[in-house]
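User: Please take a close look at the ligand site of this model. I should like a connected account of what surrounds the ligand and of the pockets in the protein.

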Amino acid sequence: CSGKILGSAFFEPSTRTMLSFHSAMQRLGGSVLGFSDPSVTSVKKGECLADTMRTLEAYCDLMVIRHPNEGSAKPSSEFVSIPVINAGDGGREHPIQTLLDVFTIKEKKGSLKGLNVVLCGDLKYGRTVHSLAKALAGLGVNISCVSPSELKMPESTTTSIQRKHGVSVVEETDLISAVKDADVLYMTRIQKERFGSPEEYAKVKDCYVVNKKVMSMANENMLLMHPLPRVNEITFDVDSDKRAIFFEQALNGVFVRMALISLVLGVRG
Ligand code: NCD
């Protein structure tokens, strides 16, 4: 990608997604410009998203955007004629995280068909699981959703899975019973910033915590995954368990993004 520039527009905080995109582009020989805090750009002066996008378009060859507004990625891409990659649009979708999650499972397990994957935590506001559930259903995975009743997977997602793939996701609240048959346990953080009030968050905070005891109930080949950041949902003493692969998962984000950028720019190795 020598001579190519990735525009990186992060209107929301990010560690892994943003930096793995930067790392991927730089490892491909390209360069990166952009911002990780919209308050240092003209957004602060009242500039609209369309004008920011049109301006960035002139400075780069493709763009990656993360924005707090649900569904904002698609319209953003329509303001410009260069490729735009969705790095998370509010609580809606996070498709590239899904690519690296699926890559990680495939690399570890060989095939995905028939695997039992448990998605656990904030399935309402967690965008990673919305994108992941749809992809897994299309790959023949059995999906169990474990969450408090307030944080269930949106009905629009479960209905779309049912309609498109003819399969139902199992919904339950008990992590211990779900983990016994799991090939993969995909934990997520309770998305504090997307709650209506601190009281609502306090009610469900720390509702599921994977510790050594939970791991002792699980299959010895189960994969413990997490898109990160973790807050309290996996205790640190679990990190040395060989089944805990979330940092390897984060590393895979670089390779998957290198492949994606190459494909999008039409570059061949
Ligand atoms: C997630 C995100 O931003 O949606 N992290 C990531 O991109 N790897 C998960 C989260 O914030 O909880």
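Analyst: In this predicted model, the residues surrounding the ligand are Thr-17, Arg-66, His-94, Gln-97, Arg-127, Thr-128, Arg-189, Gln-191, Pro-227, Leu-228 and Pro-229. Sorted by class, this shell comprises five polar, three charged and three nonpolar residues.

Several members of the shell place a polar side-chain atom at short range from the ligand's oxygen atoms, and the distances can be stated individually. For Thr-17, a polar side-chain atom is 2.8 Å from a ligand oxygen. For His-94, the corresponding distance from a polar side-chain atom to an oxygen atom of the ligand is 2.7 Å. Arg-127 likewise has a polar side-chain atom 2.7 Å from an oxygen atom of the ligand. Taken on its own, the ligand has 320 Å² of accessible area, and the protein covers 93% of this.

The site can also be described through the pocket that holds the ligand. The ligand sits in the largest pocket, whose volume is about 420 Å³. Its lining consists of 21 residues, and those nearest the centre are Arg-66, Arg-127, Arg-189, Leu-228 and Pro-229. Each of these five residues is also listed in the shell around the ligand. Two helices, α1 (16-27) and α5 (127-138), each contribute at least two residues to this lining. By class, the lining of the largest pocket contains ten polar, seven charged and four nonpolar residues.

The second largest pocket offers a point of reference. Its volume is about 190 Å³, and 15 residues line it, with Asn-116, Asn-142, Ile-143, Ser-144 and Val-170 closest to its centre. Here strands supply the lining: β5 (116-120), β6 (142-146) and β7 (170-172) each provide at least two residues. The largest share comes from β6, which gives three residues. In the lining of this second largest pocket, eight residues are nonpolar, five are polar and two are charged.

To return to the ligand itself, its place is in the largest pocket, and Arg-127 links several parts of this description. Arg-127 belongs to the shell around the ligand, has a polar side-chain atom 2.7 Å from a ligand oxygen, and is among the residues nearest the centre of the largest pocket.

Terms used
Residues numbered from 1 in each chain as written. Predicted model: local features only at pLDDT ≥ 70, side-chain atom pairs only at ≥ 80, totals over all residues. Heavy atoms only, no water. Near = heavy atom within 4 Å. Polar contact = N/O pair within 3.5 Å; in protein donor to acceptor, adjacent residues only side chain to side chain. Areas by Shrake-Rupley, 256 points an atom, 1.4 Å probe, with all protein chains shown as cover. 1 Å grid on protein atoms, 1.4 Å probe; cavity = no way out; pocket = protein on both sides within 12 Å on 5 of 7 lines; lining within 4 Å. Sits in = over half its atoms within 2 Å of the grid points. Nonpolar A, V, L, I, M, F, W, Y, C, P; charged D, E, K, R; others polar. Points joined across faces, edges and corners; volume = space filled by probe spheres on them. Helix = DSSP H or I, 4+ residues; strand = E, 2+ residues; numbered from the N terminus.
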